[in-house]
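Please open the structure in a viewer and set the display to a cartoon representation. Side chains may remain hidden until a stop on the tour calls for them.

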Amino acid sequence: QVQLVESGGGLVQPGGSLKLSCAASGTIFSIDVMGWYRQAPGKQRELVASIGRGGGRNYADSVKGRFTISRDNAKNTVTLQMNSLKPADTAVYYCNAERVRAPARYDYNVWGQGTQVTVAS
């Protein structure tokens, strides 16, 4: 079974930076879209950024110009560089993979376990 393992969360001061990383484990042929979602207490999970196999990127308006998503198709990894962080960015961040093709298996949607990002002084 394909699993997503996240790393890089933590506590940072406003204006600071963090880099989140996510690696898909197991034998994988391809992943169509990889992305990051976040969920703050009392709020719905929302898309932060996503990137297709060809490199097309999509960002939430609230993070445009501050966050950068990238991926390595050969390694099945995705990273999220977060700069100029604000308290409003505080949330649990989840890695996501859409349409994952593996030997004898196809998963439409796979989620990581989540990593906490806290922005506070």
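The tour below visits a predicted model, strand by strand.

Begin by selecting β1, β3, β8 and β7. In that order, these four strands form an open sheet with antiparallel pairing. At its edges lie β1 (3-7) and β7 (67-72), each of which pairs on one side only. From one strand to the next, the twist averages 15°.

Next, restrict the selection to β3 (residues 18-25) and β8 (residues 77-82). These two strands run antiparallel and are joined by six bridges. To locate one of the pairs, display L18, whose bridge partner in β8 is M82.

Now move to β11 (residues 115-119) and show its side chains. Which of them are buried? T115, V117 and V119 point to one face and are buried, whereas Q116 and T118 point to the other face and are not.

Keep β11 visible and add β2 (residues 10-12). Three bridges connect β2 with β11, and the two strands run parallel. Here L11 has T118 of β11 as its bridge partner. Then add β9 (residues 91-102), which pairs with β11 in the antiparallel sense over three bridges. On this side, V92 stands opposite Q116 of β11.

For the last stop, select S30, which belongs to strand β4 (residues 30-39). Is S30 buried or exposed? Its relative accessibility is 9%, and S30 therefore counts as buried. Display its surroundings as well: leaving aside residues up to four places away in sequence, S30 touches R53, R99, V100 and R101.

How values were computed: Residues are numbered from 1 along each chain as its sequence is written. This is a predicted model: local features need pLDDT of at least 70, side-chain atom pairs count only at pLDDT 80 or more; totals for chains, interfaces and linings use all residues. Side-chain values use heavy atoms; hydrogens and water are left out. Two strands pair if DSSP finds at least two bridges between them. Axes are lines fitted to C-alpha atoms, for helices over the stretch in contact, and angles run from 0 to 180 degrees between N-to-C directions. Buried means under 20% relative accessible area, exposed over 50%, partly exposed in between (1.4 Å probe, protein chains only). Contact means heavy atoms within 4.5 Å.
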